[in-house]
Amino acid sequence: MTGQGSGEGILKKPYIQCINSKCGARFQITDKLIRCPECSDLLDVICDLDKLDPERMKMVFRQRRSSLNPLDLSGVWRYREFLPFTKADLDFVVTLGEGNSPLLDAPKSAGYAGLNNLKIKHLGWNPSGSFKDHGMTVAITQARKLGSKIVVCASTGNTSASMAAYCARCGIRPVVFIPDGQIAYGKLSQSLDYGAKTVQIEGDFDVAMQLVQDLSEDSDEIYLMNSINPFRLEGQKTVIIDILDQLDWKVPDRIVVPGGNLGNSSSYGKALIELKEAGFIDKVPSISIIQAAGASPLYRTLVSSATELLPTKDAFTLASAIKIGKPISWKKALRTLDFTDGWCDVATEQEIADAKAILGRDGIGCEPASATTVAGLRKLRDLRTAGRAEITIDPDENVVAILTGHQLKDPEYTINYHQDNLYEHATYDSVLVEKSGKLHASFANQPVRVKADKASIKKLLGI
Ligand code: F0G
């Protein structure tokens with residue numbers, strides 16, 4: 001059987017390279033690097049994909065779906081020829097059977113966004129409930145291969161949950177840094193449950209992110225697991241390969257993804273560059289990145305044609321996962337937009353909240369950050385209707401929207417919306433003490449109280 005259950009198709013000699021074309025320094029794949037030691041820019045992991053036979057590999061990927069080998073059952077390791085590991089390295093793999101989310105139709109969301117062909121890829125249906133598992137299985141495997149004892153991350157909640165889960169599987173010590181009081185409870189509960197040392201710092205995600213970079217530069221013992229670690233992005237690349245496999249390699253016109261620290265969008269661009277260069281596809285989908293209006297550094301950088309990132313000071317959004325003002329991977333995200341002829345746009349708090357409710361009506365549901373995708377699609381449609389021809393989205397385009405996190409990560413947001421009690425700004429001191437910026441519960445589904453007797457219930461239901 002071709003390649004099943006083994007690392008047979010894996011190619012040799014991956015290496016690490018600086019993304020800055022003026023520097024381009026290369027390093028060993030076993031160097032524990034986060035930034036280029038020569039120029040401090042971001043790093044890529046490079047695999048030699050030249051010798052892959054695309055048609056054969058497409059068949060192998062499909063066949064692996066019926067294998068019982070844990071590597072084949074993982075929706076990440078199934079595509080291991082695109083990952084920077086040799087056959088011997090596969091002994092280090094830490095997997096929780098990640099990936100394998102279906103591509104779903106979502107007729108109500110499609111109608112809301114004004115599209116005829118919308119599919120949803122729900123990465124919230126992963127073991128720890130977010131897309132991070134795609135990247136974490138690979139980064140923790142690399143950490144294990146390098147013999148790391150302690151891994152760290154800054155997180156708005158999902159990275160920490162995922163890192164803690166994978167560490168629990170292999171005995172590496174997880175230490176997570178989260179902005180105090182700013183992450184959803186579902187996510188905090190996960191990192192506690194999975195045994196991570198959970199450090200709540202005074203400051204937002206951007207402060208935590210700087211702190212973990214400084215820490216990891218200071219100590220050889222500590223390995224950083226945020227998406228600045230290029231191995232994370234290698235794993236997240238496989239989302240694109242999986243979508244194409246599920247579409248029988250018919251390339252969609254557009255893929256829409258939320259933007260926070262910009263690791264996901266960066267990895268999608270890298271996947272598409274590699275797939276095209278290796279001859280797996282001959283056209284590429286346009287990538288649309290959607291940020292929350294109050295945390296939109298990439299959007300603002302693009303619209304002002306700045307050459308350096310314009311960070312958002314005091315970034316704000318109720319979609320706490322993407323409350324990020326200084327995204328680490330912005331240069332790689334620009335590479336994605338350049339290569340795919342893509343664009344970044346923003347969605348307001350109201351637009352995000354309503355789009356989330358509509359996704360719920362499709363029986364899908366997601367955490368607020370994920371709903372930026374459908375909100376963004378609707379917005380692009382509205383811009384077209386308003387005659388903004390430069391930002392067009394054809395209703396007949398084949399579009400895939402990426403949902404990044406599970407609905408149950410942040411139930412408080414959902415309950416507050418449906419009870420018409422969601423505020424952009426709210427301060428709690430056990431009870432709500434101060435609030436402003438009320439959002440409309442346009443699609444509210446309020447719970448009702450009723451007497452516990454048959455007659456009352458029949459009356460309520462009109463039967
Ligand atoms: N959606 C969800 C649910 C997230 O948790 C994140 C990021 C994003 C979107 C943005 O993805 O950073 O790749 O652009 N969460 C990180 C965390 C920052 O710490 O969990 P990105």
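A polar contact here is a pair of N or O atoms within 3.5 Å. All the views below come from a predicted model.

**View 1. Backbone atoms meet the ligand's oxygens.** Start at T159, where a backbone N or O atom lies 2.8 Å from an oxygen atom of the ligand. G260 also has a backbone N or O atom 2.8 Å from a ligand oxygen. At G263, a polar backbone atom is 3.1 Å from an oxygen atom of the ligand. Taken on its own, the ligand has 480 Å² of accessible area, and the protein covers 99% of that.

**View 2. The ligand's surroundings.** Zoom out a little and you'll find 20 residues around the ligand. The closest are N158, G260, N261, L262 and T404.

**View 3. The largest nonpolar core.** This one has 54 residues, and W77, I140, V151, M163, M225 and F231 touch the most other members. Helices and strands both chip in: among those supplying at least two residues each are α4 (132-145), α5 (158-168), β6 (150-154) and β7 (173-179). There's also a second, separate core of 41 residues, including L247, F280, Y299 and C344.

**View 4. Who sits around M225?** Skipping neighbours within four places in sequence, M225 is in contact with M136, A139, I140, A143, V151, V152, T159, M163 and R232.

**View 5. T238, tucked into helix α8.** T238 belongs to α8, which spans residues 230-246. With a relative accessible area of 0%, T238 counts as buried. A polar atom of the T238 side chain lies 2.6 Å from the backbone oxygen of G235. Beyond four places in sequence, T238 touches G75, V76, Y79, L83 and H134.

Technical notes
Residues numbered from 1 in each chain as written. Predicted model: local features only at pLDDT ≥ 70, side-chain atom pairs only at ≥ 80, totals over all residues. Heavy atoms only, no water. Core = buried A, V, L, I, M, F, W, Y, C linked by side-chain atoms within 4.5 Å. Buried < 20%, exposed > 50% of the residue type's maximum accessible area, 1.4 Å probe, protein only. Helix = DSSP H or I, 4+ residues; strand = E, 2+ residues; numbered from the N terminus. Contact = heavy atoms within 4.5 Å. Near = heavy atom within 4 Å. Polar contact = N/O pair within 3.5 Å; in protein donor to acceptor, adjacent residues only side chain to side chain. Areas by Shrake-Rupley, 256 points an atom, 1.4 Å probe, with all protein chains shown as cover.
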